[in-house]
Amino acid sequence: SRAHRPRQPTAIKNLFLAGDYVKGLRHGAEGLSQERALVSGFAAANLAMDELETSRRGRALKRQQVVELSEDEPQVAAVRDLWQQFGRA
C-alpha cells in the first residue's frame with residue numbers, strides 16, 4: 001500500500017532507492033508507471049551527487065534536470081476530485 005512505500009533516502013549511508021514504488025516524489029501519478037520510475041532514478045542520482053559533493057568539499061557535479069509538472073487540466077482535476085469523493089468509498 002502507499003502508506004508502506006519507502007522513501008528514496010535510506011538509513012544506510014549512500015543508498016538511495018529508485019522505482020515507481022517510492023514515495024515522496026511530486027511527479028506523475030501516484031500509481032506505478034515507467035515515467036515515475038525514470039524520474040525517481042534521476043532524483044536518486046541527484047541525491048547521490050549531493051552526497052559526493054559533501055564528501056569532496058563542494059566540487060560541483062552536473063545534475064539531471066527534473067522538470068516540474070504543470071497543473072492538471074480542468075477536466076483531469078474534476079475527475080480526480082470525483083474519484084477522491086466517491087471512488088474510495
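The protein exposes about 7,100 Å² of surface, and carbon and sulfur atoms supply 56% of that area. This value, like those that follow, was computed from a predicted model. Of the 89 residues that make up the protein, 16% count as buried. The secondary structure consists of two helices and zero strands. Among the contacts in the protein with a separation of 6 or more, 30% are accounted for by residues 24 or more positions apart.

One salt bridge is present in the structure. This salt bridge is formed by Glu51 and Lys13, whose closest N and O atoms lie 3.8 Å apart, a distance that satisfies the criterion of a side-chain nitrogen within 4 Å of a carboxyl oxygen. Because Glu51 belongs to helix H1 whereas Lys13 lies in the segment before H1, the pair ties together parts that are 38 residues apart in sequence. The two partners were also assessed by their accessibility: Glu51, with a relative accessibility of 31%, counts as partly exposed, while Lys13, with a relative accessibility of 65%, counts as exposed because its value is over 50%.

The backbone at Asn14 was also examined. Asn14 has a positive phi of about 65°, although this residue is not a glycine. Most residues other than glycine have a negative phi. In the chain, Asn14 is found in the segment before helix H1, the helix that comprises residues 34–55.

Definitions and conventions:
Residues are numbered from 1 along each chain as its sequence is written. This is a predicted model: local features need pLDDT of at least 70, side-chain atom pairs count only at pLDDT 80 or more; totals for chains, interfaces and linings use all residues. Side-chain values use heavy atoms; hydrogens and water are left out. Helices (H or I, at least four residues) and strands (E, at least two) are DSSP runs, numbered from the N terminus. Buried means under 20% relative accessible area, exposed over 50%, partly exposed in between (1.4 Å probe, protein chains only). Contact means heavy atoms within 4.5 Å. Accessible areas come from the Shrake-Rupley method with a 1.4 Å probe; for residues, only the protein chains shown count as cover.
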